[in-house]
Amino acid sequence: RFDGNRVVGYTGDGIHIAGSRNRVTRNVFRGSSGASRGPVLSNSDKNIIASNWITRHHRGVAIANTSSTNTVFGNEIYSNVTGVVLANNAGNNTRIIRNRIYASTTNGILIPGGLYARFQNNVIYGNTPYGVRIDGASLSNRFINNILLSNGGVGLTNAGTGTWWEYNDSFGHTNEYRNTVALYNSNANVSVNPVFSNASAFNFH
């Protein structure tokens, strides 16, 4: 268990996990360079990353190399180049739930090669130019009940296969969607201002 630490000023990975059944909780990860990453899971299963503050990285949370059955829950992921990335056939039965992902300078969520992951009840705000970007090597990822607000260019761009997009609220982007591959299932989505207390100050109540 890795709990309650301040990990700051590094140029590599805040923590790199290649094993299974670890808990990374209540830490501060603050990188110092564009090449740094926060928590990294590689060939790693059944881990929990929860209640961390993750900022100033090239990749805030990186899940890669067939990692599966992981949970990323309740984190503040902000001011990174990309907030969360799912790559290299990672993601099977992974849940990314109730995170606040904001102020990324390229992507809030990037999936260049993730599959069978579930993204639910996340706030994805003020990322430029993409709130969620799903590339062509991705398969059957599900987005349910997320709020996407005021991402600078596009709320969702999808080139993945079998993407589920249900009960999401996507509002205030330059373009709501830019999909080169049709969504497999798009149901009960809305475009309504969620009226947070002060989103520009990152108060999402």
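**Exercise 1. Find how exposed Arg26 is, and what Arg26 is bonded to.**

Step 1. Arg26 has a relative accessibility of 54%, so Arg26 counts as exposed. The cut-offs are these: buried means under 20% relative accessible area, exposed over 50%, and partly exposed in between, with a 1.4 Å probe and protein chains only.

Step 2. The structure is a predicted model, in which local features need pLDDT of at least 70 and side-chain atom pairs count only at pLDDT 80 or more, while totals for chains, interfaces and linings use all residues. Residues are numbered from 1 along each chain as its sequence is written, and side-chain values use heavy atoms, with hydrogens and water left out.

Step 3. Arg26 forms a salt bridge with Asp3, with 2.5 Å between the closest N and O atoms. A salt bridge here is a side-chain nitrogen of Lys or Arg within 4 Å of a carboxyl oxygen of Asp or Glu.

Step 4. Asp3 belongs to strand β1 (residues 2–3) and Arg26 to the loop between β4 (23–25) and β5 (28–31), so the bridge ties together parts that are 23 residues apart in sequence. Strands (E, at least two residues) and helices (H or I, at least four) are DSSP runs, numbered from the N terminus.

Step 5. Asp3, at 23% relative accessibility, is partly exposed. Arg1, Asp3 and Arg26 are linked in a network of salt bridges.

**Exercise 2. Locate further salt bridges and state what they connect.**

Step 1. The count of salt bridges comes to 6.

Step 2. One of them joins the side chains of Arg37 and Asp13, at 2.9 Å from N to O. Arg37 sits in strand β6 (residues 37–42) and Asp13 in strand β3, so this pair ties together parts 24 residues apart in sequence.

Step 3. Arg37 is partly exposed at 29%, and Asp13 is partly exposed at 28%.

Step 4. Another bridge pairs Arg133 with Asp135, the closest N and O atoms being 3.0 Å apart. Arg133 is partly exposed, with 29% relative accessibility.

**Exercise 3. Describe the nonpolar cores and the surroundings of Phe143.**

Step 1. A nonpolar core is a set of buried Ala, Val, Leu, Ile, Met, Phe, Trp, Tyr and Cys residues joined through side-chain atoms within 4.5 Å. In soluble globular proteins, nonpolar side chains tend to be buried together.

Step 2. The largest core has 30 residues, of which Val61, Ile109, Phe119, Val132 and Phe143 touch the most other members. Strands that each supply at least two residues of this core include β9 (59–64), β15 (107–111) and β18 (130–134).

Step 3. Beyond its neighbours within four places in sequence, Phe143 has contacts that include Ile109, Phe119, Val132, Trp164 and Glu166. Contact means heavy atoms within 4.5 Å.

Step 4. A second, separate core of 7 residues has among its members Tyr102, Tyr125, Leu149 and Phe196.

**Exercise 4. Is Thr163 buried or exposed, and what is Thr163 in contact with?**

Step 1. Thr163 lies in the loop between β21 (154–158) and β22 (164–166).

Step 2. With a relative accessible area of 1%, Thr163 is buried.

Step 3. Leaving aside neighbours within four places in sequence, the contacts of Thr163 are Ile134, Asn141, Asn158, Leu183, Tyr184 and Asn185.

**Exercise 5. Identify backbone angles that depart from the usual pattern.**

Step 1. Most residues other than glycine have a negative phi, and most peptide bonds are trans.

Step 2. The peptide bond from Thr128 to Pro129 is cis, with omega near 5°. Pro129 is in the loop between β17 (123–125) and β18.

Step 3. Tyr116 has a positive phi, near 60°, and lies in the loop between β15 and β16 (118–120).
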